[in-house]
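Hi,

Here's the structure I promised to pass on. Have a look at it first, then read my notes below.

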Amino acid sequence: MKMTKLMIGLCMATGFMALANAQIVMRNAISVAENSHAGEAVVTLAREVEKRTNGRIVIKNFFSGSLGGEREVMEAVQLGTQELAHNSTGPVPNFVPETALLDIPFLFRDKAHARAVLDGPIGQELLAKFEPKGFKALAWTENGVRHMTNNKRPVNSPADLKGLKLRTMENPVHVAAYKGLGIVTTPMAFPEVFTALQTGTIDGQENPLSVIMAANFDQVQKHITLTGHVYSPSVFLMNKAVFDKLSKADQQIFLDAAKEGAKANRARVDKDDAMGVAELRKRGMTVVENVDKSKFISMLGPVNAEFEKKFGKANLDRIRNYK
Ligand code: EAX
């Protein structure tokens, strides 16, 4: 049968109607396992968006770096080949340099201080800096307070770090600071870290208890010291054009759902922090719980002077003194 122009026109029209009613499916990705603080964040976001749009918008989550490391998924979100990502700030300063100061060691007193800064005007100003780079940053979430692990020796003071080959995130502030502590820094994407620890390419790494447990680093690491050297934020990212195309009501749904995700995520970090030391001991790690942090801070003096020059002392003090 020959199709007339009218028939083709009708097919196209019904096709478009079907499209108009179709579900929108988006992809989100994290570099750690589903059973984790980051998993809590993205699972909650997906559940809340689906619920609040009555199933019109569905988010499919990818876990354990299956869509790539954090830098790669950020590139994909920037290009729009992936709609969403939930990343630590590891690679973020390479895209949004203004955020780099958040990863300065010992900048925040504790999680409560960091959460107040991120949820307050400073955090909101920083979220806006993502927009000219092609991202809508929906909300800050939390990766946690980072601690150091390695296979060579228990770390009791900064002197014990000298010459340790540690994987770092692909983050310029971390690399500069850890060099200042005498560490041999090896920047690497997260999905490669387990194997690198297993094969001995690196001696150690540093991450929050939540990440160490979710990634089972205890299987390939002997020692952990609660250095608490960096508060590590994370963030919900969305391709800006995808966000802009949503109705105002749907945009608000994403922002609200991201807040719910952050709440669930932070609650899980608190839970992990409360049980992490006992759990990692049970899994066979030796834990140094108490270190003199002032020794680490004074060793970082010269690097901190550089950071003050680079980011502006007033900007750092604004964060330090935020109440
Ligand atoms: O986002 O790369 C890292 O060490 C991050 O802390 C981890 O992937 C969680």
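What follows is a quick tour of the ligand site and of two helix pairs.

Before anything else, keep in mind that this is a predicted model.

Let's start with the ligand. Ten names are worth finding on your screen: around the ligand sit Ser 31, Glu 70, Ser 88, Asn 143, Arg 146, Arg 167, Met 169, Phe 190, Asn 207 and Val 211. Sorted by class, this shell has 3 nonpolar, 4 polar and 3 charged residues.

Some of these residues also put a polar side-chain atom close to an oxygen atom of the ligand. For Asn 207 the distance is 2.6 Å, for Arg 167 it is 2.7 Å, and for Asn 143 it is 2.8 Å. As for how much of the ligand is covered, it has 260 Å² of accessible area on its own, and the protein covers 95% of that.

Now for the helices. How do H6 and H12 run relative to each other? H6 spans residues 172-180, and its axis comes within 9 Å of the H12 axis, crossing at roughly 155 degrees. Angles over 145 degrees count as roughly antiparallel, so that is what H6 and H12 are. On the H6 side, the contact is made by Val 173, Ala 176, Ala 177 and Gly 180, while H12 brings Val 303, Phe 307 and Phe 311. That contact has 6 nonpolar residues, 1 polar and no charged.

H12 (residues 301-311) also meets H13 (residues 313-320). Here the axes come within 6 Å and cross at roughly 105 degrees; an angle from 65 to 115 counts as roughly perpendicular, so H12 and H13 are roughly perpendicular to each other. Phe 307, Glu 308 and Phe 311 from H12 touch Lys 313, Asn 315, Leu 316 and Arg 320 from H13. By class, this contact has 3 nonpolar, 1 polar and 3 charged residues.

One thing to look for: Phe 307 and Phe 311 in H12 meet residues of H6 and also residues of H13.

Cheers

Note on methods
Residues numbered from 1 in each chain as written. Predicted model: local features only at pLDDT ≥ 70, side-chain atom pairs only at ≥ 80, totals over all residues. Heavy atoms only, no water. Axes fitted to C-alpha atoms, helices over the stretch in contact; angles between N-to-C directions. Helix = DSSP H or I, 4+ residues; strand = E, 2+ residues; numbered from the N terminus. Parallel < 35°, antiparallel > 145°, perpendicular 65-115°, else oblique. Contact = heavy atoms within 4.5 Å. Nonpolar A, V, L, I, M, F, W, Y, C, P; charged D, E, K, R; others polar. Near = heavy atom within 4 Å. Polar contact = N/O pair within 3.5 Å; in protein donor to acceptor, adjacent residues only side chain to side chain. Areas by Shrake-Rupley, 256 points an atom, 1.4 Å probe, with all protein chains shown as cover.
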